[in-house]
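Hi everyone, thanks for coming. I'd like to walk you through one model today, starting with a single residue and working outwards. Please have a look at it with me.

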Amino acid sequence: MLLNLLKNNILPRSLYGRSLLIIIMPLILLQVVSAWIFYDRHWDTITKRLSSSIVGDISQVVELLGEEPSVELRKTVFDMAWRNFSLQIEWREGERLPETLAGPESRIDDFLGQTLQSRFQGPVRIDDSSYRERVIADIQLEGAVMSVTIPGKRLFSVTTYIFIMWMVGTSLILFAVASIFMRNQVRPIQRLAEAADQFGKGRELDEDFRPEGALEVRRAAAAFNVMRQRLRRQIRQRTDMLSGVSHDLRTPITRMKLQLAMLPEDSQMAELQDDIAEMERMIEGYLTFARGEGDEPTKHVDLGSMVEDIVAVWRRNGVKIDSHVEGRLMAWLRPDAIKRGIENLVANASRYGEQLWVRAGRRGDAIEITVDDDGPGIPESHREDVFRPFYRLDESRNPQTGGTGLGLAIARDLLRSHGGDILLEDSPHGGLRARIRIPV
């Protein structure tokens, strides 16, 4: 059965379910082996001994009767058999049993019948249909059939029920104890998985995950806490570095702008001013990229309302957007970061398309937002490359119209910090579709 479960891949998916299965299967195997040994050894031995004891009593009765017992002798012997052996005997004069009888249908029938036949050398018929109350044995003697009614308690041992009750009872107790123990061991693993999932979605935990459970689980929890601290430190250092570099670059750029403003106007002066403006846009992009993984706390917000607000702002700026939001879409996230990521996608779509379509709704265990445009799109071979910082397609992006190449990188970076992602696909409207998925 276990092999069939493995082949069909229908084992429980949870660790607790698999752990219980690991406990249950040995218990069931133990029950089967114990029952087999009991019925094959103990039950057979007890039945043989009880059958031999009864056959001995019947043999004693037959010896007391002799070859031609009188009616008075039979009555005396039968009364003695009833008082001493609890055997009720009936004498049927002149009756004969058929030489060929049906085979044994039970162990009692088999053992008792074989023992009686080996003792009396004649046909024997056993009726054990009500073996718990009585068993009737018809024995062929010289010129008569002796019918012996044997009490069921002399052939049936109550140790069977006692054994079964003890076996089932102890198994249930062991299963309960093992379940409690396994649950206490699995709970820290579940808590660690939940903490890792929360951290992967950008949600801050109230306190460090407290190591508990088995030694291996404690080591995993301690490693998780160290990993989280290292990631926080690296993110903070990266943010501080980019912010510092961008801030330091503003000072010489400001001096350059002042110096250019004091010089006479000419064609070269305009080119230098355009270069400085481009440098300022790049620095602003660096700062935006650095702020993407800031320390903004997570909040339970309505993502649908956020999308509608973003669409309303871009409509006021003259962008043609068709939007549809499927009700309230509540999720835990960093509002400013997610808003910045969605705005980057809308800005990217508006730059290359004349008409935009924005859709938001719940899809399974995630909120899905799609941004479509009717622009030239992006070749499939370049759809992963455009998420790299500062990567630009020559056909559609240049420093004058395409920005710094950080828009999609910032958007994916923000979404992945929430455990989500962005995928680029062909839009049914002829352009590009950006599909956002945010787990809830």
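Let's begin at Pro211, which sits in the loop that joins helix H5 (159–200) to helix H6 (215–262). Before I go further, please keep in mind that this is a predicted model. Is Pro211 buried or exposed? Neither, as it happens: its relative accessibility is 32%, and that makes it partly exposed. Leaving out residues up to four places away in sequence, Pro211 touches Arg218, Ala221, Ala222 and Asn225. Looking back along the chain, Pro188 is 23 residues from Pro211 in sequence, yet their C-alpha atoms are 7.7 Å apart in space.

Now let me zoom out for a moment. The protein chain has 440 residues, and 41% of them count as buried. It is built with 10 helices and 11 strands. If you take the contacts with a separation of 6 or more, 63% of them are between residues 24 or more positions apart. As for the surface, the accessible area of the chain is about 26100 Å², and carbon and sulfur atoms account for 55% of that.

Next, the inside. How many cavities of 30 Å³ or more does a search of the whole structure find? The search finds 2, and I'd like to show you the second largest, with a volume of about 60 Å³. Three elements each give two or more residues to its lining: helix H9 (335–352), strand E9 (366–373) and strand E11 (432–439). Among the lining residues you can pick out Leu345, Asn348 and Ala349, then Val371 and Asp373, and also Leu432, Arg433 and Ala434. By type, the lining of this cavity divides into 7 nonpolar residues, 1 polar and 2 charged.

Let's stay with helix H9. Of its 18 residues, 13 are buried, so the rest of the structure largely encloses this helix. Its length works out nicely too: at 1.5 Å a residue, H9 should span 26 Å, and its end C-alpha atoms are 26 Å apart, which agrees.

From strand E11, let me pick Arg435. Here's a question for the room: why does Arg435 count as buried? Its relative accessibility is 18%, and the cut-off for buried is under 20%. Setting aside neighbours within four places in sequence, Arg435 is in contact with Glu368, Ile369 and Thr370, as well as Asp421, Ile422, Leu423 and Glu425. Glu425 is 10 residues from Arg435 along the chain, with 7.5 Å between their C-alpha atoms.

Two more stops, and then I'm done. Asp127 belongs to strand E2 (residues 124–127). With a relative accessible area of 38%, Asp127 is partly exposed. Not counting residues up to four places away in sequence, Asp127 touches Arg134, Val135 and Ile136. Ala137 is 10 residues from Asp127 in sequence, and the C-alpha to C-alpha distance for this pair is 6.4 Å.

And the last stop is Ser86, in the loop between helix H3 (71–85) and strand E1 (88–93). What is worth checking there is the backbone: phi of Ser86 is near 60°, a positive value in a residue other than glycine. Ser86 is partly exposed, its relative accessible area being 29%.

That's the tour. Thanks for listening, and I'm happy to go back to any of these places with you.

Methods. Residues are numbered from 1 along each chain as its sequence is written. This is a predicted model: local features need pLDDT of at least 70, side-chain atom pairs count only at pLDDT 80 or more; totals for chains, interfaces and linings use all residues. Side-chain values use heavy atoms; hydrogens and water are left out. Helices (H or I, at least four residues) and strands (E, at least two) are DSSP runs, numbered from the N terminus. Buried means under 20% relative accessible area, exposed over 50%, partly exposed in between (1.4 Å probe, protein chains only). Contact means heavy atoms within 4.5 Å. Accessible areas come from the Shrake-Rupley method with a 1.4 Å probe; for residues, only the protein chains shown count as cover. On a 1 Å grid over the protein atoms alone, a cavity is a set of points where a 1.4 Å probe fits but cannot get out, and a pocket is an open set with protein on both sides within 12 Å along at least five of seven lines; lining residues have an atom within 4 Å of a point. Grid points are joined across faces, edges and corners, and a volume is the space filled by probe spheres set on the points. Ala, Val, Leu, Ile, Met, Phe, Trp, Tyr, Cys and Pro count as nonpolar, Asp, Glu, Lys and Arg as charged, and the others, Gly among them, as polar. The expected span of a helix is 1.5 Å times one less than its number of residues.
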